[in-house]
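Me: I'd like to practise reading a model like this one. Can you take me through it feature by feature?

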Amino acid sequence: MRVRLDPRQWPGRVIPETDAEIDTAVEAFCLRATWPDANRAALRGVVEPWFHEGWSVDALLAAVDRRPDGTRQGSPRSRDQVAHDFLRARLRSWWQGGARRARPPVAGMTLGAWWRINRRNARLTQPRPARQLSAAGTLAREQSRERVRARLKDPVERSRELARRRQEVLDSLLVPGQKAPTFEDSRKLLADIQVPAHPVCSRCGCKQGSMPKPKAA
């Protein structure tokens, strides 16, 4: 499958097969490993046999960090280390008995398989086309819009609509089964409150005495 991808968009799990794909994958590896000073030709000489064994960019990056048993490989590459020599040393632990390469730590796929999966996912996630309304649905939608436009044009109707919404909010705060208190209820509550009478001294303004005792019946 002849598809040219930008190295920044190269799928990490794809196993490169053609020369163009290997060149793109090598550049993608350098970008993701942050090795801008790497010799691309020498690095390709190291990774190309691994690509032929089913390894991908994601698998190589995982092997740089971890050994097959999961232990860490060590510190990241320093600037005084040659990139392709550093990678070759890290990949030595992935030789099984020095005879053959181990299975890649990350499963890979061909570019064609990735492309089919990508297209399928795009079809599944794309928005569905809107269904066309019937004549009755179109008429109902227009009537609803006309009612909304009429309310927006009439200031009295807008004021009534705002009052109705506020009343709905206040009603929602009531305890179920109870009515909202009226002004008469508030007047009765104030009438039952006894205000204490404290005589005030005319000379200094201090309060004298206390609330008068109720008269005996």
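Reply: Sure. Keep in mind that this is a predicted model. Let's start with one residue: D85 has a relative accessible area of 40%, so it counts as partly exposed.

Me: What does D85 pair with in a salt bridge?

Reply: The side chain of D85 meets that of R88, at 3.0 Å from N to O. Both sit in helix α4, three residues apart, which is about one turn of the helix. R88 is partly exposed too, since its relative accessible area is 37%.

Me: Which residues are joined into one network by salt bridges that share partners?

Reply: That network takes in D19, D23, R44 and E48. Within it, look at D23 and R44: their side chains meet at 2.3 Å, N to O. This pair ties together distant parts of the chain, with D23 in helix α1, R44 in helix α2 and their positions 21 residues apart.

Me: Is R44 buried or exposed?

Reply: The cut-off for buried is under 20% relative accessible area. R44 comes out at 16%, so it is buried. Its partner D23, at 43%, is partly exposed. Setting aside neighbours within four places in sequence, R44 has contacts with D19, I22, D23 and V26.

Me: Where do D58 and R32 lie?

Reply: D58 is in helix α3 and R32 in helix α1, 26 residues apart, so to speak another link between distant parts of the chain. Their side chains form a salt bridge at 2.5 Å, N to O. D58 is buried at 18%, while R32 is partly exposed at 47%. The full count of salt bridges is nine.

Me: Now pockets. How do I find one, and what is the volume of the largest pocket?

Reply: The general idea is that rolling a probe the size of a water molecule over the atoms shows where empty space is left. Here, the largest pocket has a volume of about 210 Å³. It is lined by 15 residues, and those closest to its centre are A33, W35, V64, D65 and P76. Helices α1, α3 and α4 each give two or more residues to the lining, and α3 gives the most, with three. By type, the lining has seven nonpolar, three polar and five charged residues.

Me: And zooming out, how many helices and strands are there in the chain?

Reply: Eight helices and two strands, in the order α-α-α-α-β-β-α-α-α-α. Of the 217 residues, 23% are buried. The chain exposes about 16900 Å², with carbon and sulfur atoms supplying 53% of that.

Definitions and conventions: Residues numbered from 1 in each chain as written. Predicted model: local features only at pLDDT ≥ 70, side-chain atom pairs only at ≥ 80, totals over all residues. Heavy atoms only, no water. Helix = DSSP H or I, 4+ residues; strand = E, 2+ residues; numbered from the N terminus. Buried < 20%, exposed > 50% of the residue type's maximum accessible area, 1.4 Å probe, protein only. Areas by Shrake-Rupley, 256 points an atom, 1.4 Å probe, with all protein chains shown as cover. Contact = heavy atoms within 4.5 Å. 1 Å grid on protein atoms, 1.4 Å probe; cavity = no way out; pocket = protein on both sides within 12 Å on 5 of 7 lines; lining within 4 Å. Points joined across faces, edges and corners; volume = space filled by probe spheres on them. Nonpolar A, V, L, I, M, F, W, Y, C, P; charged D, E, K, R; others polar. Salt bridge = Lys/Arg side-chain N within 4 Å of Asp/Glu carboxyl O.
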